[in-house]
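The exercises below are meant to be worked with the sequence and the coordinates open side by side. Each task is followed by a solution that proceeds step by step.

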Amino acid sequence: MSVTAVVTGASSGIGAATARGLAAEGYDVVLVARRADRVEALAREITDRGQKARARVLDVTDRDDVDAFAAELDGCGVLVNNAGGAIGTEPVATGDPQDWRTMYEVNVLGVLNMTQALLPRLEESGDGTVLVLTSVAGHVVYEGGAGYVAAKHGAHTLAATLRLEMVGKPVRVLEVAPGMVKTEEFSLNRLRGDSEAAEAVYAGVPDPLTAEDVAETVVWAVTRPPHVNIDLLVVRPRAQAAQHRVHRVS
Ligand code: 8X3
């Protein structure tokens, strides 16, 4: 019987690519996202290939619905906490507290909700995996990134603490922290729909990572034997050696 893998934020970008990748590896993938049309279309695309997938429309910040979702599952061996995102690039002095709240809700409390709700299922599976998609922003700080940086540091801390608390239990906790990834939505959301500014983020960078590049590392980490715990994978494009050290060609 296939192992059930739940992927949040599965309607686009890294989440969608991870769902495709895990389904191709034989997992029975539950695609979680808020946007019904997109997540249902992706589930159909995967099942049309003869692989296993189903969609569950769910907002990871809605704890009641997260608990209802956990109760619906027969079992769960893998949870990929991918849902997240950035809003705004204002400095600390002028950042909108509501944006900070929203980022904390989805990047930290969303991970907490899903992880708390599914941990019993993951333990029962005998070999559970929790993977948290953080960011290099969970490990470094940079100007204009503070709300997102603070939230991703929170997600990293949650993962690192849970790993300690799971010692002796059959659940491993993995973290994948991507650097510059060009997806259809990340920078567009961060820059409040300004497509020119979003495009400028990647201007001249020969090869930013793609969602598929990151998904490959996620699938690789998840498919290691259960006793192998990939604590942390930092994945950047070759052109980005550090947050501010990016090669651009004009
Ligand atoms: C996104 C990567 O460099 O914009 O998670 O923080 S970065």
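**Exercise 1.** In which loop is Ser12 found? Having placed the residue in this predicted model, decide whether Ser12 is buried or exposed, and list its contacts beyond its neighbours within four places in sequence.

*Solution.* Step 1: Ser12 sits in the loop that runs between β1 (4-8) and α1 (13-24).

Step 2: the relative accessible area of Ser12 is 12%, and since buried means under 20%, Ser12 is therefore classed as buried.

Step 3: once neighbours within four places in sequence are set aside, the residues in contact with Ser12 are Arg35, Arg38, Glu184 and Glu185. With Glu185 there is also a polar contact between the two side chains, at 2.8 Å.

Step 4: as a check on the fold around this loop, compare sequence and space for Ser12 and Ala33, which are 21 residues apart along the chain while their C-alpha atoms are 9.0 Å apart.

**Exercise 2.** Identify the residues around the ligand, sort them by class, and find which side chains place a polar atom 2.6 Å from a ligand oxygen.

*Solution.* Step 1: the surrounding residues are Ser135, Val136, Ala137, Tyr142, Tyr148, Gly179, Phe186, Arg190 and Gln243.

Step 2: sorted by class, this shell comprises 5 nonpolar, 3 polar and 1 charged residues.

Step 3: an N or O atom in the side chain of Ser135 lies 2.6 Å from an oxygen atom of the ligand, the side chain of Tyr148 likewise has an N or O atom 2.6 Å from a ligand oxygen, and a polar side-chain atom of Gln243 is 2.6 Å from an oxygen atom of the ligand. Of the 250 Å² that the ligand exposes when taken alone, the protein buries 85%.

**Exercise 3.** Describe the largest nonpolar core, starting with how many residues it has, and state which element supplies its largest share.

*Solution.* Step 1: the core has 35 residues, and Leu22, Leu31 and Leu131 have the most contacts inside it.

Step 2: at least two residues each come from β1, α1, β2 (28-33), α2 (36-48), β4 (78-81), β5 (128-133), β6 (171-178) and α8 (211-222), with the largest share, 7 residues, supplied by α8.

Step 3: for Leu131, leaving out residues up to four places away in sequence, the residues touched are Leu79, Val80, Asn81, Leu174, Val176, Val218, Ala221 and Val222. Apart from this core lies another, of 27 residues, including Val30, Leu122, Ala159 and Leu162.

Key: Residues numbered from 1 in each chain as written. Predicted model: local features only at pLDDT ≥ 70, side-chain atom pairs only at ≥ 80, totals over all residues. Heavy atoms only, no water. Near = heavy atom within 4 Å. Polar contact = N/O pair within 3.5 Å; in protein donor to acceptor, adjacent residues only side chain to side chain. Areas by Shrake-Rupley, 256 points an atom, 1.4 Å probe, with all protein chains shown as cover. Nonpolar A, V, L, I, M, F, W, Y, C, P; charged D, E, K, R; others polar. Helix = DSSP H or I, 4+ residues; strand = E, 2+ residues; numbered from the N terminus. Buried < 20%, exposed > 50% of the residue type's maximum accessible area, 1.4 Å probe, protein only. Contact = heavy atoms within 4.5 Å. Core = buried A, V, L, I, M, F, W, Y, C linked by side-chain atoms within 4.5 Å.
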